[in-house]
Amino acid sequence: MGLPSGASLFSTYASLSATFTLVQQAFYQFVPLLVQQYISDIFKQWFSPKQPPPPDVFKLIIEEVANDFTNNQVFQACQIYLCNKLSDSANVLKVSKGHTEETMNFKLAEGVTFSETFEGIHLKWIFSCKANSSADDQSDPVLVHDKRSGRSRSHHQENSCFSLIFDREHKKKVCTDYLPYVVEASKEVVREEKHLKLFDGNSEYYGMPGGSSSKQSVNMVHPFKFENLAMDLELKKAIMDDLDRFVRRKEFYKRVGKPWKRGYLLYGPPGTGKSSLIAAMANYLKFVIYDLQLRRMQDSSLRQLLRVIPSKTIIVIEDIDCTGELPRRELYHTMYQGYEDSLKKAIKKPEMSLAALLNFADGLWSCCGDERLIIFTTNHKERLEPALLQPGRMDMHIHMSYLTMEGFKVLAYNYLLVTGNHPLFGEIKGLLEVVNATPAEVAEELMRSEDVDASLQGVVELLKRKKIEAEDAASLRPQAETEEITEKMENGNVLPTN
Ligand SMILES: Nc1ncnc2c1ncn2[C@@H]1O[C@H](COP(=O)(O)OP(=O)(O)OP(=O)(O)O)[C@@H](O)[C@H]1O
């Protein structure tokens, strides 16, 4: 069979083309427009390259302030997590270093974005700040990252938020797996923090409505550790065990319906290591210290402060007996006896009420934030308002006392690296048994020389001097007491006993 001729091929093409044109015209003339579009869509789908369907995105907004007006803990975790990641990879960074800061702070500007993939889910983060309503505040809202501490803070905090954008189908996984992962990762960043952060609880921040303005904080590189503490070894162990128990008992506190807090009262003479113990506790737990000066605080600012203080903090109220604003109630009344009414009014009333302090200690405000230690210190436990000492307020009373030989050996190692026995230890031991010397006094003596023998001899001399002073004071005491009673009787303050 031969090939078709050119003429027959051309006539076939012409008839096919005429038929196609006829069918096309009939299609456009008789088929309704909607059906035409439907059929043309099907053809387009068949012949056009495959397009991915538009993503069905979901946006999770994480605001800074929680519903109960406390700091949103998820927001805080995101801040720490993202600042830690972004400080290395961001294209634009602002850098600053204040006089009191040891390290540079890196800041990420408004609108910064970050993308990552978690178990195959693509996630996009956007940090944003709404415009501040304050007319005089024109500065850019910024996220501040303290590289060393892994912590961060933002100006205009109440207006900041993170948006987390991802495919809607992963909503459940993001909420149940990714966000907890972010929270854990942020805790890890904090745990790696080797330096204490000390917040002055009386900085402007806490007095500002809405908690705006930047938080004043100081990095306190305090190397004090439990092993540096010269104190009774059993007591030291008891405190460490207590702290361990506290941090692992989250579920217990929840079960018994108590706030996850613990109150400590540290008492003892000046220089026995109360502040040092607090630093050691903070280092041990990697907690941040908030130092409150009650003298300058009012009830309202205390409440405000308690709302913004995050978890994993030690709230310290030092020298509670010396604040002047918190005298024992009966002392407060006797102080005013004999004054004219007008004069009484003129006397400034305490700014911080005892009720506020008791509420504070009771954990009335403790629903805000968790995992906190509250530490009160005093040199005079006997002067404290008895209500403060009631069971349940302070969970543990810790007596910091004068130096013992056991404690002295810790100091001798700390300051002079003396291990084992030294010929002067016997004499020092004998003197410490009869003399009240504080660790601070002895530590000062040990710092005077690098020569071990000279330093230890200096301690012997110090203890001998103190022994003589104590003996002199004891011999003068009966005479002084007699003189004091005579003087009081003359002033009519004391009635003769018979
Ligand atoms: N128990 C101790 N172990 C080691 N060093 C101590 C101890 N107590 C005091 N020191 C040393 O003395 C210094 C002062 O001590 P610290 O401020 O802790 O005493 P304090 O009891 O808080 O005094 P105050 O009641 O006056 O505040 C510390 O920096 C530390 O060097």
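The points below describe the surroundings of the ligand in this predicted model.

1. Location of the ligand. The ligand sits in the second largest pocket. Domain 2 (217-399) and domain 3 (405-492) each contribute residues to the shell around the ligand, and the ligand therefore lies between these two domains.

2. Helices that form the shell. Three helices, α8 (274-285), α14 (405-416) and α16 (439-446), each supply at least two residues of the shell around the ligand. Of the elements concerned, α8 gives the most, with 3 residues.

3. Make-up of the shell. The ligand has 17 residues around it, of which A230, G271, K274, S275 and S276 come nearest. Sorted by class, the shell holds 9 nonpolar and 7 polar residues, together with 1 charged residue.

4. Polar contacts to oxygen atoms of the ligand. S275, which is listed among the residues that come nearest to the ligand, places a polar side-chain atom 2.8 Å from a ligand oxygen atom. G273 approaches through its backbone instead, with an N or O atom of that backbone lying 3.0 Å from an oxygen atom of the ligand. For Y415, a polar side-chain atom lies 3.4 Å from an oxygen atom of the ligand, a value to be read against the cut-off of 3.5 Å that applies to a polar contact.

5. Cover by the protein. On its own the ligand has 620 Å² of accessible area, and the protein covers 75% of this area. A reader who inspects the pocket may wish to keep this figure beside the position of the ligand between domain 2 and domain 3.

Definitions and conventions: Residues numbered from 1 in each chain as written. Predicted model: local features only at pLDDT ≥ 70, side-chain atom pairs only at ≥ 80, totals over all residues. Heavy atoms only, no water. Near = heavy atom within 4 Å. Polar contact = N/O pair within 3.5 Å; in protein donor to acceptor, adjacent residues only side chain to side chain. Areas by Shrake-Rupley, 256 points an atom, 1.4 Å probe, with all protein chains shown as cover. 1 Å grid on protein atoms, 1.4 Å probe; cavity = no way out; pocket = protein on both sides within 12 Å on 5 of 7 lines; lining within 4 Å. Sits in = over half its atoms within 2 Å of the grid points. Helix = DSSP H or I, 4+ residues; strand = E, 2+ residues; numbered from the N terminus. Nonpolar A, V, L, I, M, F, W, Y, C, P; charged D, E, K, R; others polar. Domains from an automatic or database assignment.
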